[in-house]
Amino acid sequence: MARITGKEAALFVPSGTMGNLISVLVHCEIRGSEVILGNNSHIHIYENGGISTIGGVHPRPVKNNEDGTMDINLIESAIRNPEFEICYPKTRLICLENSHANTGGRVLSVEYIDKVGELAKKHNLKLHIDGARIFNASVALGVPVDRLVQAADSVSVCLSKGLGAPVGSVIVGSKTFIARARILRKTLGGGMRQVGILCAAALVALQENVGKLVNDHKNAKTLAEGLNKIKGLKVDVASVETNIVYFDILEGSRVTALKLGKIVEEHGILLMPDSSSRVRIVIHHQVSASDVQYTLSCIKQAVTGVADENGGN
């Protein structure tokens, strides 16, 4: 993983949440530090506020755009003036997420990441990338992973999402960073004797499943286009860049997101209601093109009450 990402060293951790937490705490080892991150980012919303509750790190959220980016000028304006450190927490870190899950798996370009990296260096800050789906971003952009994260001081990479390993993430960075991260992993309970077994499966995922991501993206696009043709549903097809599809159930429909989820679950399809009218579906390498057509058929029947003759069994 260190070689693939172009970093000096790497460390296996049980989860992406632990990987992000360790990374933030290494960069912000002084309590009362501040991290700039997206208001719609995974670290800010879905990780139990761990950077605050465990690390004493203050989050400084900046608005995420629909493509997952944060405006460069807004990031810079969020950096605290060190002359007022008597009042302000000290900014030490910027966090990005690529691909950006909550905006539908949108990818951050290498040009954008480089600009954020330049800004970080200008203000003597560190840059961490939550790269839970960095291989998806790499495949979608046609940019090698090491180039995509070149500007980052640390990256967390999940192996159990699109890559299909049963468990685990890897954090990468300098040798000094990883040496400190290893101690924190032990503190947080992530130092497992059984890690070799988990890494064996993760190695298979890296060697065999990265090449399958392009099919995941193709299937996700097909799913999005098909959903958008179903009366009562709406999808921003252009926003589907990787393996995540969000769709909206229009007002007046015979089902809610929760009800739809329960109906299709009976047919072996799992989806996630994001609200009463918004649904998320994620594609992985065990979902085939015919599975996509089957899913479309089941959803169409649930939403419209009309069966799709081409949907299969």
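This short talk goes through two helix packings, two pockets and two cavities in a predicted model.

Let me begin with the helix packings, and with helix α7, residues 134-141, which packs against helix α11, residues 213-228, at an angle of about 80°, the two axes lying 9 Å apart. Since angles of 65 to 115 degrees count as roughly perpendicular, α7 and α11 are therefore described as roughly perpendicular to each other. On the α7 side the contact is made by Phe-135, Asn-136, Val-139 and Ala-140, and on the α11 side by Leu-213, Val-214 and His-217. If you sort those residues by class, you find 5 nonpolar, 2 polar and no charged residues in the contact of α7 with α11.

Staying with α11, we can turn to its packing with helix α13, residues 289-304, where the axes come within 10 Å and cross at roughly 20°. That angle makes α11 roughly parallel to α13, and the crossing of this pair is right-handed. From α11, the residues that take part are Asn-219, Thr-222, Leu-223, Gly-226 and Leu-227, and they meet Ala-289, Val-292, Gln-293, Thr-295, Leu-296 and Ile-299 of α13. By class, this contact of α11 with α13 divides into 6 nonpolar and 5 polar residues, with no charged ones.

Now to the pockets. How much space lies in the largest pocket? The computed volume is about 540 Å³, and of the 29 residues that line this pocket, the closest to its centre are His-27, Arg-92, Asn-124, Leu-125 and Lys-126. The elements that give two or more residues to this lining are α2, residues 16-27, together with β4, residues 90-97, and α9, residues 175-187. In terms of class, the lining of the largest pocket has 10 nonpolar, 9 polar and 10 charged residues.

The second largest pocket holds about 380 Å³ of space, and 18 residues line it, those closest to its centre being Leu-270, Val-282, Ile-283, His-284 and Val-287. Two or more residues of this lining come from each of β11, residues 278-282, and α13, and it is α13 that supplies the largest share, with 4 residues. The lining of the second largest pocket divides into 9 nonpolar, 6 polar and 3 charged residues.

Finally, the cavities. The structure holds 2 cavities of 30 Å³ or more, and the largest contains about 40 Å³ of space. Its lining consists of Gly-38, Ser-41, Asn-64, Gly-68, Met-70, Cys-95, Leu-96, Glu-97, His-100 and Leu-108. Which element gives the most to this lining? The answer is β4, with 3 residues, and β4 is also one of the elements that give two or more residues to the lining of the largest pocket. By class, the largest cavity is lined by 4 nonpolar, 5 polar and 1 charged residues.

For the second largest cavity the volume is again given as about 40 Å³, and the lining is made up of Ala-132, Arg-133, Ile-134, Phe-135, Asn-136, Cys-158, Lys-161, Gly-162, Leu-163 and Leu-213. Helix α7 gives the most here, with 3 residues, and the lining as a whole divides into 6 nonpolar, 2 polar and 2 charged residues. Phe-135, Asn-136 and Leu-213, which are among the residues that line this cavity, also belong to the contact of α7 with α11.

Definitions and conventions:
Residues are numbered from 1 along each chain as its sequence is written. This is a predicted model: local features need pLDDT of at least 70, side-chain atom pairs count only at pLDDT 80 or more; totals for chains, interfaces and linings use all residues. Side-chain values use heavy atoms; hydrogens and water are left out. Axes are lines fitted to C-alpha atoms, for helices over the stretch in contact, and angles run from 0 to 180 degrees between N-to-C directions. Angles under 35 degrees count as roughly parallel, over 145 as roughly antiparallel, 65 to 115 as roughly perpendicular and the rest as oblique. Contact means heavy atoms within 4.5 Å. Ala, Val, Leu, Ile, Met, Phe, Trp, Tyr, Cys and Pro count as nonpolar, Asp, Glu, Lys and Arg as charged, and the others, Gly among them, as polar. A crossing is left-handed if the near helix is turned anticlockwise from the far one by less than a right angle, and right-handed if clockwise. On a 1 Å grid over the protein atoms alone, a cavity is a set of points where a 1.4 Å probe fits but cannot get out, and a pocket is an open set with protein on both sides within 12 Å along at least five of seven lines; lining residues have an atom within 4 Å of a point. Grid points are joined across faces, edges and corners, and a volume is the space filled by probe spheres set on the points.
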